[in-house]
Amino acid sequence: MVELTVELNAKLQPIHRGEMFEEPLENVLIQANVGEVLGGGTFMSATGEIEKCDITLEVKDDWIAKVFAYLQRIKIIPKGSKIICKQEITPIGQAEGMAIYLNGTDLPAEVYRTNDINELISKLQDALGDKCFMFSWWEGGTETALYFYGESYLKLYESVKHILEIHPLCKLSHVKQIA
């Protein structure tokens, strides 16, 4: 058996990492009887925001190439991700990411009281359609980040730009490409 690490350039809470990546990988490995997921980790910035995460797998020696090929075909793995095996690094990932940082302290109290972030998320997801979906989120001391991944950052941004310009919760927000 060989241990390998999949380092995901994704801002995922541990529960989302598990649901989106660890559990599906574990199912594939166990069904093929070729390995298992040993665990995962989350790397945080000084502000407490998630920077990236990883998943450690144990795989039969003769299945390493097939596992690599499988991981390289998963379209939702963000660009900038990699597989680390036997001190060799193999880049993987096709998805691009967009973070929307919502101001949580400087808007009028009325805006926070009369608007529901879940309604905003629903509007954003409707605008994005099947182009992508929200992977995770982060609540910091002064802002909340919503993390979306899909085929193209520019397409994601163009799809939601009109909502960001008019929705009250999006005032003083900023958008950043994250993968």
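This is a dialogue about reading a predicted model of one protein chain, from its confidence to its charged pairs.

Me: What should I keep in mind about how this model was made and filtered?

Reply: The model is predicted, so local features need pLDDT of at least 70 and side-chain atom pairs count only at pLDDT 80 or more, while totals for chains, interfaces and linings use all residues. Residues are numbered from 1 along each chain as its sequence is written, and side-chain values use heavy atoms, with hydrogens and water left out.

Me: What is the mean pLDDT of the protein chain, and in which elements is confidence lowest and highest?

Reply: pLDDT is the predictor's confidence in each residue, on a scale from 0 to 100. Where pLDDT is low, the predicted coordinates should not be read in detail. Here the mean over the protein chain is 93, and 99% of its residues reach 70 or more; confidence is lowest in α2, at a mean of 85, and highest in β9, at 97.

Me: How many helices and strands does the protein chain have, and in what order do the elements run?

Reply: Helices (H or I, at least four residues) and strands (E, at least two) are DSSP runs, numbered from the N terminus. The protein chain comes to 5 helices and 9 strands, and from the N terminus on the elements follow the order β-α-β-β-α-β-β-β-α-α-β-β-α-β. Along its principal axes, the C-alpha trace spans about 60 × 30 × 25 Å.

Me: What share of the residues is buried, and what share of the contacts joins residues at least 24 apart?

Reply: A residue is called buried under 20% relative accessible area, exposed over 50%, and partly exposed in between, using a 1.4 Å probe and protein chains only. By that rule, buried residues make up 45% of the 179 residues in the protein chain. A contact means heavy atoms within 4.5 Å, and among contacts between residues at least 6 apart in sequence, 64% join residues at least 24 apart. As for the surface, the protein chain exposes about 9300 Å², of which carbon and sulfur atoms supply 52%; accessible areas come from the Shrake-Rupley method with a 1.4 Å probe, and for residues only the protein chains shown count as cover.

Me: How many disulfides does the structure hold, and how far is the sulfur of Cys 85 from the closest cysteine sulfur?

Reply: A disulfide is a covalent bond between the sulfur atoms of two cysteines; the cut-off used here is a pair of cysteine sulfur atoms within 2.5 Å. The structure holds 0 disulfides, and for Cys 85 the closest cysteine sulfur, in Cys 53, lies 19 Å away, which is too far for a bond. Cys 170 is likewise in no disulfide, the nearest cysteine sulfur being that of Cys 132 at 15 Å. Cys 85 is buried, with a relative accessible area of 6%, and Cys 170 is buried as well, at 3%.

Me: How many salt bridges are there, and which parts does the pair of Glu 96 and Lys 79 tie together?

Reply: Side chains of opposite charge can pair when their charged atoms come close. A salt bridge is counted where a side-chain nitrogen of Lys or Arg is within 4 Å of a carboxyl oxygen of Asp or Glu, and the structure holds 8 of them. One of them joins Glu 96 and Lys 79, with N to O at 2.8 Å; because Glu 96 lies in strand β6 (residues 96-103) and Lys 79 in the loop between α2 (64-73) and β4 (81-85), the pair ties together parts that are 17 residues apart in sequence. Glu 96 counts as buried, at 15% relative accessibility, whereas Lys 79 is partly exposed, at 35%.

Me: How far apart in helix α3 are Glu 110 and Arg 113, and which residues are linked in a network?

Reply: Glu 110 and Arg 113 form a salt bridge whose closest N and O atoms are 2.2 Å apart, and being 3 residues apart in helix α3 (residues 109-114), they are separated by about one helical turn. Glu 110 is partly exposed, at 42% relative accessible area, while Arg 113 counts as exposed, at 59%. The network of salt bridges links Glu 7, Lys 52 and Lys 82.

Me: Where is Asn 33 placed, and what is the phi of Leu 172?

Reply: Asn 33 sits in the loop between α1 (14-31) and β2 (35-44) and has a positive phi, near 55 degrees, in a residue other than glycine. Leu 172, which is not a glycine either, has a positive phi of about 65 degrees and is placed in the loop between α5 (153-166) and β9 (174-177). Asn 33 counts as exposed, at 56% relative accessibility, and Leu 172 counts as exposed, at 55%.
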